[in-house]
Amino acid sequence: VARVSAPRLSGAAFSQHNWSSVYRGREPHFPPVAAHHIIAYSRNFYFAMDTSVMKAASAGGGVGGGTSNEPELKRRRLLDAGGPIEDDETARRKMRDAEVYERGVDGDFRVYAGFDPDDVADVKSAVSHDGDAYDSHIIKPMGHFAREGDLPMMRWLYVNGADTRDEEVLFWFPLYSAVRFGTLEVCKWLFAHGAAGDIKRTVADTRYTPLSGIFDESDKRTLSRWLILNGALCKDDDTGELDHDLITKDLTYHGDDSARELPELLMWAREHHQCRSAFGVFLMGTLSILEYSNTKLRHAFLARIRSEKVVDRILRNTPPDQYRLLWDELFPQRVCCSLAALCGKSGILELIGDYVGIMRGREARIIRQLTDLLPGVIAELDAKRAQSNLEADSNDDSDDDNDGSDGSDDFYESDA
């Protein structure tokens, strides 16, 4: 607002000349002005935003076909979009040119139907042969452009009322579409804009989730790690505790392919856990040396022994000139290092921790639990695989013994 030019602009003029560039994600340039203009021109700013939103609504793209005007909702979503938004003309063209098919029709491959640009909830089929109109074929604009990794287009849909979850879509719901095609930034945006509940959502009639669908793919390790750190293996009680059954199901879905990724996941978790432990040693070096006093000595003894009577007896029986020896036993002297200059500078320490990739809070708890649980899961899988191989060998031996031949026929046949 402080950069709005001094001549007063009407709401319509501001919308036509300047707000369109904000809507496309490009910041307009205005010369600086005095502070007393801020309040006056902030009114023009919000009026212009309302004008732009209502204009977009009348042009189409509202929920259910753009028939409802909800400028306040659109304004909030516009401010919450989180990045550049596709301009209206290009967005409508992309909707028409989308590579999707009509529902309930056995059409021709690559003869696309596109989406209705006036309906951000338009339902189409992801496959050309959809004569039986299977529910698992359904795809909507948000899911389609998540597959494309087109974030500006997804923001346009979001501003115009599209759902980021599409709960009635069984297969190509937005978060799974983004995960399946490996676009991490799209996943992060969806997670932050209402789709966090889909991180453990089951895909169609299968038993796999977005994580189990990609865990065996080594080129998507960064994405699978992100899913894990954001609760894909956690219980539903918001405690941050990992679910052992969910680990076994999602991390072993693809059999041997998934099993080969488990040691890699364990190595990654241990590296982060060890890095956090090492950073803890670094933080210890930032602590200042505790200064001696008789009162602190008594409190320290009391914390160890937890009996005032015993502590008082020890101190009475100890000569006062020996108190410092007791203090040194309780608190071994540390060499003061330069890190002590960072004592109390929590902001700097957090910045250092972020720079070296130290995980905190829930992520740190998940990492620690992975280091505890994964060795047992890997051992269970190895035991099952060994048992399966043993049973297979036993069955092969049994088949050889029961084939009805004593070997004499083979002798005569080879002799003949």
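How many helices and strands make up the secondary structure of the protein? The count comes to 19 helices and 2 strands. The model shown in every view is predicted.

**View 1. The whole protein, with 19 helices and 2 strands.**
The protein has 416 residues, and buried residues make up 38% of them. Its exposed area is about 23,400 Å². Carbon and sulfur atoms supply 52% of that area. Among contacts with a separation of 6 or more, 68% join residues 24 or more positions apart.

**View 2. Helix α5 meets helix α7.**
Helix α5 covers residues 88-96, and helix α7 covers residues 151-159. Their axes come within 10 Å. The crossing angle is roughly 100°. The two helices are therefore roughly perpendicular to each other, because an angle of 65 to 115 degrees counts as such. From α5, the contact uses Asp88, Ala91, Arg92, Lys94 and Met95. From α7, it uses Met153, Trp156 and Leu157. By type, the contact residues are 5 nonpolar and 3 charged, with no polar residue. In general, two packed helices are described by the angle and the distance between their axes.

**View 3. Two buried cysteines, Cys187 and Cys234.**
Cys187 has 0% relative accessibility, so Cys187 counts as buried. Cys234 has 1% relative accessibility and also counts as buried. The cut-off for buried is under 20% relative accessible area. How many disulfides does a search of the whole structure find? The search finds 0.

**View 4. Helix α11, largely enclosed by the rest of the structure.**
Helix α11 spans residues 221-229. Of its 9 residues, 7 are buried, so the helix is largely enclosed. Which residues of α11 are buried? They are Leu223, Ser224, Arg225, Trp226, Leu227, Ile228 and Leu229. The list includes Arg225 and Ser224 as well as Trp226. Gly231 follows α11. The phi of Gly231 is positive, near 100°.

**View 5. Arg110, a residue other than glycine with positive phi.**
The phi of Arg110 is near 70°. Arg110 sits in the loop between α5 and β1, the strand at 124-125. Is Arg110 buried or exposed? Its relative accessibility is 58%, so Arg110 counts as exposed. The cut-off for exposed is over 50%.

**View 6. Ala204, in the loop between α9 and α10.**
Helix α9 covers 184-195, and helix α10 covers 210-214. Ala204 has a positive phi, near 50°, and is a residue other than glycine. Its relative accessible area is 23%, so Ala204 counts as partly exposed.

**View 7. Pro375, a proline in helix α18.**
Helix α18 runs over residues 361-401. Pro375 has a relative accessible area of 30% and is therefore partly exposed. Which residues does Pro375 touch, not counting residues up to four places away in sequence? The partners are Leu266, Arg270 and Leu370. Leu266 and Pro375 are 109 residues apart along the chain. Their C-alpha atoms are separated by 7.6 Å.

Conventions. Residues numbered from 1 in each chain as written. Predicted model: local features only at pLDDT ≥ 70, side-chain atom pairs only at ≥ 80, totals over all residues. Heavy atoms only, no water. Helix = DSSP H or I, 4+ residues; strand = E, 2+ residues; numbered from the N terminus. Buried < 20%, exposed > 50% of the residue type's maximum accessible area, 1.4 Å probe, protein only. Contact = heavy atoms within 4.5 Å. Areas by Shrake-Rupley, 256 points an atom, 1.4 Å probe, with all protein chains shown as cover. Axes fitted to C-alpha atoms, helices over the stretch in contact; angles between N-to-C directions. Parallel < 35°, antiparallel > 145°, perpendicular 65-115°, else oblique. Nonpolar A, V, L, I, M, F, W, Y, C, P; charged D, E, K, R; others polar. Disulfide = S-S within 2.5 Å.
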